[in-house]
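Work through these exercises with the sequence and the 3D view open. Try each task before reading its solution.

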Amino acid sequence: MIEQVVIDSASECLIKGSKVDALALAKEVIDGGNDPVDLMTYAFIPAINNIGDLFARGQMFLPELIVAADAMGAVTDLVNEVISANKTTKKSKGTIIMATVKGDVHDIGKCIVTSLLQANNFTVHDIGRDVDTSKIVEAAVEFNADLIGTSALLTTTMPCQKDLEDMLKAQGLRDRFKTIVGGAPVTPRWATRIGADAYAEDALEGVKKAEELLGICAAA
Ligand code: B1M
């Protein structure tokens, strides 16, 4: 369980935009035996979402948002390293292409989902952010993927998730790949509307949905 003092400190570090303090806090909490996924879920993700709310209300400006995102990115990298180091080597459960869609540079959440999928023995090709829909399809074919996961953080870039569904259909590839969509503005209703196979609210649900779509028993 992540203590309230840690939750408050994480928020302060991001508001101050202090990468050094954020990393020191994350190291201390992880070294203290806490689950790095809990640290993100209960402390750093709410903290960055709070920054987003302050930004939306005009109480924080773009330069501060960028510095806070940089500190958050550093903590995410650290957490992802710890998750990877704890991975047990087992047979791959399947191959997944992960990308943030065209026009969207938000990738903190996508990187967390990628690491958790890798830690759960999926082979993940993370092809980055601001990725053209055609590149996502090409990567899925090239790596013979089972599943394509896309992240969209802007209401203006969510339609690219629909473009992917349309492009897969147009190329006769829709039945070859399963698709999962995620990102803060994305909803289960959106997933259904565009014809995606699943929606995942967070990284843990991403793993669960990937397992379900590929017919894998969670304990396997
Ligand atoms: Co921007 N931004 N941003 N931003 N930013 C938002 C998204 C915003 C909601 C802030 C706000 O106004 N409240 C707003 C969007 C509004 C809208 O669309 N209606 C916004 C805006 C406006 C912008 C700019 C346009 C600002 C500007 O330039 N004026 C600009 C756009 C740039 C672009 O993309 N073209 C911009 C830029 C940036 C930064 C570069 C400064 C930085 C991103 C840095 C980076 O990612 N490397 C940034 C940040 C940090 C945010 C907020 C504050 C935080 C996003 C984040 O990292 N959250 C964000 C506010 C918010 O979302 N509430 C905001 C933490 C992360 C762990 O969550 O990504 O949701 P998330 O991922 C979760 C789940 O969604 C899920 O699992 C993850 C882990 O739990 N998930 C998946 C995500 N993808 C998945 C895929 C899956 C499964 C699950 O598939 C398998």
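**Exercise 1. Find which pocket the ligand takes, and list what surrounds the ligand.**

Step 1. The space taken by the ligand is the largest pocket. A pocket is an open set of points on a 1 Å grid over the protein atoms alone, where a 1.4 Å probe fits, with protein on both sides within 12 Å along at least five of seven lines. A molecule sits in a pocket if more than half of its atoms lie within 2 Å of its grid points.

Step 2. Name the elements that give two or more residues to the shell around the ligand: α3 (36-56), α4 (62-85), α5, β3 and β4 (178-182). Helices (H or I, at least four residues) and strands (E, at least two) are DSSP runs, numbered from the N terminus. With 6 residues, α3 gives the most to this shell.

Step 3. Count the neighbours. The ligand is surrounded by 34 residues, and the closest are Gly52, Val105, His106, Asp107 and Ser151. To be near, a residue needs a heavy atom within 4 Å of the ligand.

Keep the ground rules in mind: this is a predicted model, local features need pLDDT of at least 70, side-chain atom pairs count only at pLDDT 80 or more, and totals for chains, interfaces and linings use all residues. Residues are numbered from 1 along each chain as its sequence is written, and side-chain values use heavy atoms, with hydrogens and water left out.

**Exercise 2. Give the polar contacts with nitrogen atoms of the ligand for Gly52, Asn49 and Arg129.**

Step 1. Start with the backbone. An N or O atom in the backbone of Gly52 lies 2.9 Å from a ligand nitrogen. A polar contact with the ligand is a pair of N or O atoms within 3.5 Å.

Step 2. Turn to side chains. Asn49 places a polar side-chain atom 3.3 Å from a nitrogen atom of the ligand. For Arg129, a polar side-chain atom also lies 3.3 Å from a ligand nitrogen atom.

**Exercise 3. Explain why strand β1 is largely enclosed, and sort its side chains.**

Step 1. Strand β1 covers residues 95-100, and 6 of the 6 are buried, so the rest of the structure largely encloses this strand. Buried means under 20% relative accessible area, with a 1.4 Å probe and protein chains only.

Step 2. Recall the pattern. In a regular strand, side chains alternate between the two faces of the sheet.

Step 3. Apply the pattern. Thr95, Ile97 and Ala99 point one way from β1; Ile96, Met98 and Thr100 point the other way.

**Exercise 4. Trace the strand pairings from β2 to β5.**

Step 1. β1 and β2 (residues 123-126) run parallel, joined by 4 bridges. Two strands pair if DSSP finds at least two bridges between them. Met98 stands opposite Asp126.

Step 2. β1 also pairs with β3 (residues 147-151), in parallel, over 5 bridges. Here Ile96 has Leu147 as its bridge partner.

Step 3. β3 and β4 pair in the parallel sense over 5 bridges. Gly149 stands opposite Ile180 in β4.

Step 4. β4 runs parallel to β5 (residues 198-199), with 2 bridges. Val181 stands opposite Tyr199.

**Exercise 5. Where is Ile148, and why does Ile148 count as buried?**

Step 1. Ile148 is in strand β3.

Step 2. Ile148 counts as buried because its relative accessibility is 1%.

Key:
Buried < 20%, exposed > 50% of the residue type's maximum accessible area, 1.4 Å probe, protein only. Polar contact = N/O pair within 3.5 Å; in protein donor to acceptor, adjacent residues only side chain to side chain. 1 Å grid on protein atoms, 1.4 Å probe; cavity = no way out; pocket = protein on both sides within 12 Å on 5 of 7 lines; lining within 4 Å.
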